[in-house]
Amino acid sequence: MSSFSFPNELIALTLDALDVPSLLRCMQVCKQFQSIILQSSALLYKISLFSAQMSDVEHCNWDLPSRLNAIRRYTDAWDNLQFPICTQIPMENGQAWNLVNGVLAQAGSDGGISCVQMPCSIKGISEHRWVTPTDVRIRDFAIDMTQDLLVAIELGGDGLQAGRDVHLRSWTTGLAHPKAMRPMIIAEFFDQQFLAHFLIRVCGPHVGILFDGPWLHQTTAALAIWDWRTGSQKMLMRGPEFHSFAFISDDLFLVAFVDGGQLSFRVLPVTLGNSMSSAEDAQYLCEMRFPILRGTVEEVSIISEPSSTSTVPNIPAAPFTAFTDVLFTVTLRYSVGMDFESAVVFLIPRSTILYHVSCVSISSQKHLEWESWGPKGSRVLDIEPSNFWVYHSYGMKFIHTRLGEAVASMYNFNPYARRKDMNTTDSHLPWKAMEKETKISGERNPFDIDVVTSLPGREASLELMADEHGWEATMITEDHVVMVQWEGRMFAYMAM
């Protein structure tokens, strides 16, 4: 006899209103609840998405049983590191390339962007190759597939100078973006006679570009943020203190500052009219400090994928996508003494940053020392990162390969996957729990104290596609592992 007088269908609808942790607790209440949940494709799909830290794509035309089958196959493929499709992609002669949502895009030397949509059999995505035409040569670019947006910095006539002209195009057509009131932004503050490196980020309505290079015979940087739809400049920061930046939401971004011997993250809001001439004047919401440095910082980079925007993807290609927590990969390159150079990598979840921003919002003290956020909220890896610009992380996964090797080290900081590892008896899975702590000390430590971190995660080794020269770097997407061979002018991918 049923424990409740309500129909099971009504109980299932009521359970569907709960979040997943509450739903899992309901499975332990009684056998009837457990039976209802285990027989409901909708509830099982909801639980599977939560465990994989994925989000449903509602406008995909797949039915519910197909979605449930796909997320189960997808989870199983990652659990067993199964990538049966392997293909090479020639490297173009242009100066820039990008990896976005399973698409490898390369700027051509004479204009246009060569694109390869890498396949995923589980999601029903086939390989597709095409060229997005452009009427300008491109020095650097970024793509936001959720908004069909291509942000391209035009290459100067001499093939070197660039930076003032920023084009806003449709990624699919190469034409002016229909939602951009001004199809080209001119960075009037940038003196084009000086060479520069660019870092372009897009998040929702905002485009941010870091111009980094020698200006007026001194090394400095400028960060400008625009509303790409209106073309209005919302912020401008200059100074030698900051090295990199990343958006953490549509309206918040973080900047890596180095001030004397102090490395820190400062979280700032994107506010109209918040324009300043010096980075020191920035009114930040929160400052997250690292330990005091004993070495000299050569470079700090921050990379995360996918974008932390609230914009819902409008490409109905897949039934689900990574749209929850993401890792910020922070690479610190430093030197100690005259000739010793090295690097360390910090992996910091977006949830760690947002949690501490919310904590200091009700406090008069806006800075946090390392001990209050870093040891438990991050993981430091004592590895030598690639010298090439690559995406080592996607979502909560991170990948790394030593130069010339054919095996990659994979890390997954999804807490629900780690708990499943702890509860499983399957000894054939390649994953194992990471050591409780990782420690950086001795000569390779750029800080004046030993750095110990303990963000929980799991790790595995992945044999890469064979190449006689080995691989110089590896990247990761939602469905793929991508290898880079600069000497051989080649990319290659392994796909599910």
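In this predicted model, a nonpolar patch of about 320 Å² lies on the surface. Three residues make the patch: Phe6, Leu10 and Leu13. Leu13 belongs to helix α1, which covers residues 8–16. The relative accessible area of Leu13 is 61%. Leu13 therefore counts as exposed, because the cut-off for that class is over 50%.

Strand β16 gives a contrasting picture. The strand spans residues 252–259, and 7 of its 8 residues are buried. β16 is therefore largely enclosed by the rest of the structure. Strands β15 and β17 both pair with β16. β15 covers residues 242–247 and runs antiparallel to β16, with 5 bridges joining the two. Within this pairing, Ser244 of β15 faces Ala256 of β16. The two strands form a hairpin, and 4 residues lie between them.

Strand β17, residues 262–269, also runs antiparallel to β16. Here 8 bridges join the strands. Asp259 stands opposite Gln262 in β17. β16 and β17 form a hairpin too, with 2 residues between the strands. In this hairpin, Gly260 adopts a positive phi near 65°.

Strand β7 is likewise enclosed. The strand runs from residue 138 to residue 144, and 7 of its 7 residues are buried. The rest of the structure therefore largely encloses β7. Its antiparallel partner is β8, residues 149–155, and 6 bridges connect the pair. Asp144 has Leu149 in β8 as its bridge partner. The hairpin of β7 and β8 has 4 residues between the strands. Asp148 in this hairpin takes a positive phi near 50°.

An open sheet is built from 4 strands. Their order is β2-β34-β33-β32, and the pairing is antiparallel. β2 (85–90) and β32 (473–476) are the edge strands, since each pairs on one side only. On average, neighbouring strands of this sheet are turned by 20° against each other, direction ignored. At one edge, β32 pairs with β33, residues 480–485, over 4 bridges. These two strands run in the antiparallel sense. Ala473 has Val484 in β33 as its bridge partner.

Aromatic side chains were examined next. The count comes to 16 aromatic pairs. One of them joins Phe245 and Phe247. Their ring centres are 5.9 Å apart, and the planes meet at 80°. The pair is edge-to-face, because that class begins at over 60 degrees. Phe245 has 0% relative accessibility and counts as buried. Phe247, at 5%, is also buried.

Phe346 and Phe447 form another edge-to-face pair, at 6.0 Å centre to centre and 70° between the planes. This pair links distant parts of the chain. Phe346 lies in strand β22, residues 340–349. Phe447 lies in the loop between β29 (438–440) and β30 (451–453). The two residues are 101 residues apart. Both Phe346 and Phe447 are buried. They also belong to one aromatic cluster, together with Phe265, Phe290, Trp370 and Trp373.

Notes. Residues are numbered from 1 along each chain as its sequence is written. Side-chain values use heavy atoms; hydrogens and water are left out. Buried means under 20% relative accessible area, exposed over 50%, partly exposed in between (1.4 Å probe, protein chains only). Patches are made of residues with over 30% relative accessible area and no salt bridge: like charges are joined within 9 Å, nonpolar side chains (Val, Leu, Ile, Met, Phe, Trp, Tyr) within 5 Å. Accessible areas come from the Shrake-Rupley method with a 1.4 Å probe; for residues, only the protein chains shown count as cover. A salt bridge is a side-chain nitrogen of Lys or Arg within 4 Å of a carboxyl oxygen of Asp or Glu. Axes are lines fitted to C-alpha atoms, for helices over the stretch in contact, and angles run from 0 to 180 degrees between N-to-C directions. Rings of Phe, Tyr and Trp (its six-membered ring) pair if their centres lie within 6.5 Å; planes under 30 degrees apart count as stacked, over 60 as edge-to-face and the rest as tilted.
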